[in-house]
Amino acid sequence: METMDLFAYFNEEALDPDDVSVIGIDNGAGEYAACMARFRYGNVELSNLSIDNNNNKYVFAAYHDQKEVIGEEVLKYGGEIYTNMKVPPESAVKKYGKKLQDAHTYQYLMGKSFYCLIRDLLKNKEIIGDYKGRKVKHIYLFVGRPSSSIWENQAKDYQMLLKEFLPGLEEKPVSLDAQTAVKVKFHVLVYSEAEAAMANEYKLGNIGKNETIMVIDGGSSTFDCAVVKDGKVINEYSRQIGAGMIEQNMLDLFFLEEKDVSIPVDKRKAIHEEAVKKLSDHEGNHILKLRKKKEEFFGPNGKDGEDLGRAAVWYDGRKIVKEMDEKFLRFAIEQMPVRVERSHMEEEDPFGGNRTQDYKSFRDAAEVFFQGAKARCFDRAANTPVAIDRIILTGGATVMPFLQEMIADVFEVEKNGIRLERPAQDRHFSVSRGLAYMGYAELKKREQLAKIRKQVHGQFAAIRVKVSERIQAACMEKIWQQVYIGQIQEWVKDDTRHTLKDWIAMPYHIPVDAVRENVMGLLEEEQVLTDINEALEENFMRLFPKADRRYECRIEQGDIISAFEGNLNQIRIYLDDLLTFKTKACNLLSFLGFRKISWNTALTRAEKIDIQTHITEHKTIILAKLKPQIEEETKEVASYVYQTILRNTDDSLEVYMDGLMPYFVREVSNVKDA
């Protein structure tokens, strides 16, 4: 993947990580999870954030227009409830149309729900509490996105949609106590959930330094996977399949006869749309309640669940009751067709990611996703296959035992010696914690890059005058050797050229190789690259004193010098431009002692030889006369070369810092849970 300045891409400034709070937000279909990272005394502390309870559990993401509330409190009110607040902005228009029943666009509901979330998060005073006697005034919101191409392409649109609703919170000071209130500024960046899930597993110490891991994140709206090696995501895969499909099927079971559960999606959708009009409560309320039932059935770890008795839906003035038992869940999971929307991936996907596709059941759709994930077991950049050592499951959906069994079968874990790790208890926070941690890593990376760049630019500034002098010296010497020695020799031998003008009018271009060689020689003499690489190694050791390997990235001269080859025009030197008429008449011909001649006077061969001899003997005088003009002619070139060196060095520093990202991710010893 090409190196990218994440903050420049999203038009956000990167401030000192010691002065800010970072909040990772996993915005799922029907749930939010949030985690805060704060930087204290060289360590980053991660803490889950509670919104509507004290147990640090996830909350339902619903929105009530009149009350502007999210979470389970919304169930107290009537009106519209929306449970999927993570739809690409462009896709939201296509899927839901421009207006909803309450005359708001779906994007408005997404943004307003996000506003409510951040507003409620600010009730956690530790987000902006005292640290080193200061108040945190800048909060970075790292919001997760699926790893599909459509999400990557619409990340900026998503960021702008969310930012549109935050100014109201920025204008109103946040009260810390009766005497203190602080205005905050939000910085919103959209980040890959696959990268975040990987980072969280490193933070937990679940990934060894020599392991190749697949992290599978099963959520409510998307299933994602990331192939991780040496602290980097080397491949990823995402489909628009989520456990929310099961809850939708559960609701439809209240309207269908047992014999009708297998009818096609379009036909069932028509039945569903007519049925929800007759519900006594909004569809979203029922979906949220059924989600709770499903999660209680499977239990917190997939083992301790139980049948939940009956559940009821008031429909068309009558009460429909169903048993929440294994048979009911098996219908919803294994016998009801589902539709998986296309993921808009750039590359062709033989497993259906490029198209909307119906499957016989959620189980079948999930199995196809896992087959697609298995096909991603290769390094995308190197296009080489990799062997997976371990599969780590995260996300709420992966707690369901049948998914774990399916993964074991698809990946043939026993045959291939792959270890399968079940999801942790705090799986709902796995992505949000990873987002907060990657926010720390990205800010730290930018902070260190700015420091290194300032130091390196200072080293080049100290030799800038010498760079110009070397370029001028290269031009002077090449002009002498080629024009005053080489070309005058050709002029003497060429009987068709009789005048001084025939010689002086011959154009000459200074080879860019001469400029590069002289500048490279200067860098070697001044040991500039040696000093820069020593500074980078010191920076590396200071950042990662317990690193499991030594600093490996070095900046070579070719990285910053040869890069302008082909881009720098040859320096054009015309003696007719360099020599004024006075110089021509007085400074050149005066020491030749010839009869009075003009530039167009025909000369004999003997006179041409005499001129050649005298010029060869007066090198110092001639070059002294040429120096001011050459300095002027090369001024623009010297500036271009210098700026190009700085730019190429900056590019090399970006590569260096990007190469440190695995170290930032792997250095989990300095991460504490608050």
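This is a short dialogue on reading rings, a sheet and nonpolar cores in a predicted model.

Q: Let's start with the rings. How many aromatic pairs does a search of the whole structure find?

A: It turns up 18 of them. A good one to look at is W151 with Y158: the centres are 4.9 Å apart and the planes make 80 degrees.

Q: What do I call that geometry, given the angle between the planes of W151 and Y158?

A: Anything over 60 degrees counts as edge-to-face, so with 80 degrees the W151–Y158 pair gets that label.

Q: And are W151 and Y158 buried or exposed?

A: Both W151 and Y158 are buried.

Q: Which residues form one aromatic cluster?

A: Look for F223, Y237, F362, F369, F370 and F402, which make up one cluster.

Q: Where do charges sit over rings, say for K112 and K608?

A: Look along the ring normal for the charged end of the side chain. K112 has its charged end over the ring of Y115, 4.6 Å from the centre. K608 lies over the face of W491, with 5.1 Å to the ring centre.

Q: Now the sheet. In what order do the 5 strands of the open sheet run?

A: Read across the strands rather than along the chain. The order is β12-β11-β10-β19-β20, with mixed pairing. At the edges you find β12 (232-239) and β20 (419-421), each pairing on one side only. Ignoring direction, neighbouring strands are turned by 15 degrees against each other on average.

Q: In which sense do β19 and β20 pair, parallel or antiparallel?

A: Parallel: β19 (residues 390-394) and β20 are joined over 3 bridges. If you want a spot to zoom in on, R390 stands opposite R419 in β20.

Q: Which strands does helix α7 touch as it packs on the sheet?

A: Helix α7 (residues 193-203) touches β10 (212-218), β11 (223-229), β12, β19 and β20. The direction of α7 makes about 55 degrees with that of β11.

Q: On to the interior. Which residues touch the most other members of the largest nonpolar core?

A: In a core, look for the members with the most partners. Here the largest core has 129 residues, and I23, I118, L141 and F460 touch the most other members. Helix α24 (residues 619-659) supplies the largest share, 13 residues.

Q: What is F460 in contact with, leaving aside neighbours within four places in sequence?

A: The partners of F460 are L523, V528, I532, I560, Y642, I645, L646 and T649.

Q: How many residues are in the second, separate core?

A: That one has 63 residues, among them V227, M250, M400 and M406.

Conventions. Residues are numbered from 1 along each chain as its sequence is written. This is a predicted model: local features need pLDDT of at least 70, side-chain atom pairs count only at pLDDT 80 or more; totals for chains, interfaces and linings use all residues. Side-chain values use heavy atoms; hydrogens and water are left out. Rings of Phe, Tyr and Trp (its six-membered ring) pair if their centres lie within 6.5 Å; planes under 30 degrees apart count as stacked, over 60 as edge-to-face and the rest as tilted. Buried means under 20% relative accessible area, exposed over 50%, partly exposed in between (1.4 Å probe, protein chains only). A charge sits over a ring if NZ of Lys or CZ of Arg is within 6 Å of the ring centre and within 35 degrees of the ring normal. Two strands pair if DSSP finds at least two bridges between them. Helices (H or I, at least four residues) and strands (E, at least two) are DSSP runs, numbered from the N terminus. Axes are lines fitted to C-alpha atoms, for helices over the stretch in contact, and angles run from 0 to 180 degrees between N-to-C directions. Contact means heavy atoms within 4.5 Å. A nonpolar core is a set of buried Ala, Val, Leu, Ile, Met, Phe, Trp, Tyr and Cys residues joined through side-chain atoms within 4.5 Å.
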